[in-house]
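User: I am new to this structure and would like to learn how to read its charged pairs and its cysteines. Could you take me through them step by step?

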Amino acid sequence: MNLQAELALHTLMCVSRMAAEGDYETPHRLGLRNDQIEKILALSAQEIHEMAATTKAAYMQIRFDSDALDTAMMLCGRRIRQRELILQMLTAGASLPVMRALFGLTSTDTAGYRKYLNLPKADGRPSIPSEDEQARIWEHWRDTEQASLSIAERLLYVHQQTQVKISAIWPLIQEWFAGRIEGAYNG
């Protein structure tokens with residue numbers, strides 16, 4: 001089966017499934033009339049395969065909306081980067097309160113990611129960093145002020161420089177800024 005026949009097969013199967021579920025609007029947007037949708041719905045799987053093999057009749061064209069595709073790719077890229085950042089944060093010792101504040105994750109979400117990463121159960125309250133560690137944390141936090149980084153990225157940078165778990169860095173940052181940090185991840 002050639003590529004065009006393969007695309008036709010999957011599209012016809014999709015149209016058949018959508019119509020069986022009562023979705024006629026999507027096939028309409030593909031250019032199909034109601035009578036055509038009904039005929040496709042009435043075809044057996046074998047008949048759909050045979051119809052797909054007749055693609056030389058050129059009854060189907062597939063086109064992308066390049067602007068919509070660019071937007072979809074951008075959004076997908078953001079989701080991928082956010083997921084990578086979430087995994088890095090958890091690996092660096094971020095706690096549930098941090099993940100909730102920065103990404104809106106629930107305890108179930110966080111537990112799922114922790115399980116995926118094969119991380120041990122959360123340790124509980126982190127120990128307070130020593131005065132020397134706090135000074136280093138502040139110094140490295142200030143190093144990130146001019147960069148266009150999210151709060152999560154700044155926390156990761158400080159963790160990488162100090163090796164202090166994010167769960168111990170977060171309360172310090174919150175205290176220093178009296179809870180005024182808005183950490184929601186924005187891409």
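User: How many salt bridges does a search of the whole structure find?

Analyst: The general idea is that side chains of opposite charge can pair when their charged atoms come close. In this structure, which is a predicted model, a search of the whole structure finds 3 salt bridges.

User: Which residue forms a salt bridge with Glu21, and how far apart are the closest N and O atoms?

Analyst: The partner of Glu21 is Arg17, and the closest N and O atoms of this pair are 3.4 Å apart, which lies within the 4 Å that the definition of a salt bridge allows. As for their surroundings, Glu21 counts as exposed at 59% relative accessibility, while Arg17 is partly exposed, with a relative accessible area of 42%.

User: Where do Arg29 and Glu25 lie, and how many residues apart are they?

Analyst: Both Arg29 and Glu25 belong to helix H2, which covers residues 25–29, and they are 4 residues apart, about one turn of the helix. Their side chains meet in a salt bridge, with an N to O distance of 3.5 Å. Arg29 is exposed, with a relative accessible area of 61%, and Glu25 is exposed as well, with a value of 54%.

User: What is the N to O distance in the salt bridge of Arg33 and Asp35?

Analyst: For Arg33 and Asp35, whose side chains meet in a salt bridge, the distance is 2.9 Å from N to O. Here Arg33 counts as partly exposed at 48% relative accessibility, and Asp35 is also partly exposed, with a relative accessible area of 36%.

User: Turning to the cysteines, how many disulfides does the count come to?

Analyst: To read this feature, one looks for a pair of cysteine sulfur atoms within 2.5 Å, and by this rule the count comes to 0 disulfides.

User: Why is there no bond between the sulfur of Cys14 and the closest cysteine sulfur?

Analyst: The closest cysteine sulfur to that of Cys14 is in Cys76, and because the distance is 19 Å, the two are too far apart for a bond. Starting from Cys76 leads to the matching result, since the closest cysteine sulfur is then the one in Cys14, again at 19 Å and too far for a bond.

User: What relative accessibility do Cys14 and Cys76 have?

Analyst: Cys14 has a relative accessibility of 31% and counts as partly exposed, and Cys76, at 33%, likewise counts as partly exposed.

How values were computed: Residues are numbered from 1 along each chain as its sequence is written. This is a predicted model: local features need pLDDT of at least 70, side-chain atom pairs count only at pLDDT 80 or more; totals for chains, interfaces and linings use all residues. Side-chain values use heavy atoms; hydrogens and water are left out. Buried means under 20% relative accessible area, exposed over 50%, partly exposed in between (1.4 Å probe, protein chains only). Helices (H or I, at least four residues) and strands (E, at least two) are DSSP runs, numbered from the N terminus.
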